[in-house]
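Subject: Structure for your files

Hello,

Here is the structure I said I would pass on. My notes follow below.

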Amino acid sequence: MTTIILEVDNRTVTAHFILLGFPTRPAFQLLLFSVFLATYLLTLLENLLIILAIHSDGQLHKPMYFFLSHLSFLEMWYVTVISPKMLVDFLSHDKSISFNGCMTQLYFFVTFVCTEYILLAVMAFDRYVAICNPLRYPVIMINQLCGTLAGGCWFCGLMTAMIKMVFIAQLHYCGTPQINHYFCDISPLLNVSCEDSSQAELVDFFLALMVIALPLCVVVASYAAILATILRIPSAQGRQKAFSTCASHLTVVILFYSTTLFTYARPKLMYAYNSNKVVSVLYTVIVPLLNPIIYCLRNRDVKAALRKTIHCRGSGPQGNGVFSS
């Protein structure tokens with residue numbers, strides 16, 4: 001590989017990074033390539049099927065499934081930002097990534113992660129209204145509000161990523177830095193910067209606090225109210241039915257928040273250790289694979305719609321709109 005070095009303001013500026021990835025023997029690299037390729041393709045297929053099922057089945061034209069379709073669409077792109085480059089690196093000796101390529105990957109990764117945090121909070125609010133205010137649910141969760149909430153999630157994710165990128169991209173990186181990770185993430189990039197990155201770290205911390213802590217508070221408050229409401233239901237069957245409507249979402253929230261908080265709540269120097277790569281695999285590869293399975297296993301409506309979609313019995317959209325309230 002030929003290292004390209006630029007001179008800017010009498011300083012040496014890198015044009016490439018090296019992603020260390022998973023340094024193992026070639027035979028094991030091939031095994032990892034096969035496993036991650038299968039996982040990537042299966043994740044795309046699962047989420048695509050859920051989107052098609054929700055779109056084609058009129059029974060699923062409801063706010064809950066409208067947000068689920070956004071989650072599936074998001075996670076298809078979420079894994080696509082990372083997996084293709086990772087798969088190429090498994091088979092190549094040249095594990096370099098251009099500066100622009102690295103910044104582009106980071107921008108979209110941060111966008112999708114931040115959007116998912118907020119979207120999961122919106123989905124928790126939807127479940128809160130459905131269980132705690134069932135009679136007012138059709139009045140509150142109207143089409144216009146649901147569309148605004150979904151659009152707001154994407155807008156906040158895009159703006160958060162843009163602000164972070166302004167500070168990350170202007171940092172000075174010397175030579176051809178080696179990033180101890182399999183994709184461009186904020187903390188590994190801060191580690192290889194050869195100038196003071198305290199300002200970028202402060203901005204990243206503040207925005208992470210806003211994007212992670214506030215949605216988490218919404219999720220906790222929503223489920224606290226949901227739990228209190230469920231416990232007041234007199235019959236066991238009624239309690240089980242009410243809980244079943246939010247069990248899938250709660251499982252997805254726990255998986256996503258637990259794995260990402262473990263990573264982003266730790267100091268940046270912890271990225272020097274390979275254990276963080278394993279945790280990152282959980283939320284960038286495993287969680288997007290499991291989410292559609294979780295929703296299918298615990299939701300009879302989704303399972304029925306998927307069976308229709310897979311067996312080509314769906315006859316196209318059966319509702320008057322994207323969803324009905």
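I started with helix α2, which covers residues 63-91. The model is predicted, so a check of length against geometry seemed a fair place to begin. At 1.5 Å a residue, the 29 residues of α2 should span 42 Å, and its end C-alpha atoms are 43 Å apart, so the two values agree.

α2 also has a kink of about 30° at Thr80, which comes shortly before the proline Pro84. As for its surroundings, α2 is mostly covered, with 22 of its 29 residues buried.

The next item is Asn100, which belongs to helix α3 (residues 99-132). Is Asn100 buried or exposed? Its relative accessible area is 58%, and the cut-off for exposed is over 50%, so Asn100 counts as exposed. Ala169 is 69 residues away from Asn100 along the chain, yet 9.1 Å separates their C-alpha atoms.

For the protein chain as a whole, I have these figures:

- The secondary structure consists of ten helices and five strands.
- The chain has 325 residues, and buried residues make up 47% of them.
- Of the contacts between residues at least 6 apart in sequence, 79% join residues at least 24 apart.
- The accessible surface is about 15,900 Å², and carbon and sulfur atoms account for 68% of that surface.

Regards

Notes. Residues numbered from 1 in each chain as written. Predicted model: local features only at pLDDT ≥ 70, side-chain atom pairs only at ≥ 80, totals over all residues. Heavy atoms only, no water. Helix = DSSP H or I, 4+ residues; strand = E, 2+ residues; numbered from the N terminus. Buried < 20%, exposed > 50% of the residue type's maximum accessible area, 1.4 Å probe, protein only. Contact = heavy atoms within 4.5 Å. Areas by Shrake-Rupley, 256 points an atom, 1.4 Å probe, with all protein chains shown as cover. Expected span 1.5 Å × (residues − 1). Bend = angle between axes of the 7 residues up to and from the residue.
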